[in-house]
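Let's take a friendly walk around a ligand and the protein that holds it. Have the structure open as you read.

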Amino acid sequence: MKKYTSVDDINDLIEFLQFTKEIKNNPLGNKQLGKDKTIGLLFFNPSLRTRLSTQKAAQNLGMDCMVMNLNSDSWTLEFEDGAVMDGSASEHVKEAAGVISQYCDIIAIRSFPTLTDKEKDEAETVISSFVKFASVPIISLEGAVEHPLQALADALTIEEYKTTQRPKVVLSWAPHPKALPQSVPNSFVKIMKKMEVDFVITHPEGYELNPKVTEGVKIEYDQEEAFKNADFIYAKNWSSYTDYGKVVNKDPNWTIGKRQMDLTDNARFMHCLPVRRNMIVTDEILDSDASIVIPEAHNRVYSAQAVITKILEGLK
Ligand code: CP
């Protein structure tokens, strides 16, 4: 594996999930692989799970880990080619990526979308620039349009908890006070399309995701209809793609509670976290046995470890 910036970078998901399960069964079994290697974790945005799980994954492989919050600890970076740098940016990504490549064997980056400039976000400007100008492999820790490590952990969690060969999985939009990216749902949709699942997306009108991503997937605007006989409910808020980055609806009827979960086939409740209680999901559901959000977050370690292992093997 040369990079992991999209779910599309996985060739054979079934094989990759099997490999991830093997790592989970023996997480310290390959401690020599990362000896004398360094991973740099660069954050333009906050994180709890991604930062700690990726660091833990690197440690499990014997790697050293450098972490930097770029917005607060480093120079402001310029990404535009040919820019006259007379503004706030002090360093171009061309030099920054080249320099960090001298210190790190892998660079992992978190950079959220602007949610105002659709073209720039869809170009995945920050992560793509590092792919272009770094001389080492790049991993996305959540970019403008995808969160591929989260999706891999989600797929592993569904594999572990499914009780039928072809479970029904529902991705449900839920309300949130702020405008959030589409990266988690985009990657979740992409990975569900590669799995043996009966997959449905439900959201109010106006929250359609990028049609290129959802092509071939059933979209049901009636949340209660979508939840019927579901085995997994994956809740997430996202802002509008068509009215780009806008909150076009905060209907509290979409908050996931007992009324909707009672329609399912004793479905498991999933969310990538952090989650706003009693906005996205009620306390009653999040605190119930149906919720698997903690094991889902645990699996972030093994999704990161599988990806780092494949990249390290490619460096040999
Ligand atoms: N799910 C997830 O990416 O969590 P963090 O934003 O805390 O890293």
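## Who surrounds the ligand

A residue counts as near a molecule if one of its heavy atoms lies within 4 Å of it. Keep in mind that this is a predicted model. Around the ligand you will find Ser47, Leu48, Arg49 and Thr50, along with Arg110, His147, Gln150, Cys272, Leu273 and Arg300. Sorted by character, the shell around the ligand holds 3 nonpolar, 4 polar and 3 charged residues.

## Polar contacts and burial

Which atoms of the ligand do the polar side chains approach? Arginine 49 places a polar side-chain atom 2.9 Å from an oxygen atom of the ligand, and threonine 50 has one 2.7 Å from an oxygen atom of the ligand. For glutamine 150, the partner is a nitrogen atom of the ligand, 3.0 Å from a polar side-chain atom. On its own the ligand would expose 250 Å², and the protein buries 93% of that. As for where to look, the ligand sits in the largest pocket.

## Two domains, one shell

The protein is divided into domain 1 (7–146 + 299–315) and domain 2 (150–296). Their C-alpha centres lie 26 Å apart. Where the domains meet, 27 residues of domain 1 are in contact with 32 residues of domain 2.

How many residues does each domain lend to the shell around the ligand? Domain 1 and domain 2 each supply at least three.

Key. Residues numbered from 1 in each chain as written. Predicted model: local features only at pLDDT ≥ 70, side-chain atom pairs only at ≥ 80, totals over all residues. Heavy atoms only, no water. Polar contact = N/O pair within 3.5 Å; in protein donor to acceptor, adjacent residues only side chain to side chain. Areas by Shrake-Rupley, 256 points an atom, 1.4 Å probe, with all protein chains shown as cover. 1 Å grid on protein atoms, 1.4 Å probe; cavity = no way out; pocket = protein on both sides within 12 Å on 5 of 7 lines; lining within 4 Å. Sits in = over half its atoms within 2 Å of the grid points. Nonpolar A, V, L, I, M, F, W, Y, C, P; charged D, E, K, R; others polar. Domains from an automatic or database assignment. Contact = heavy atoms within 4.5 Å.
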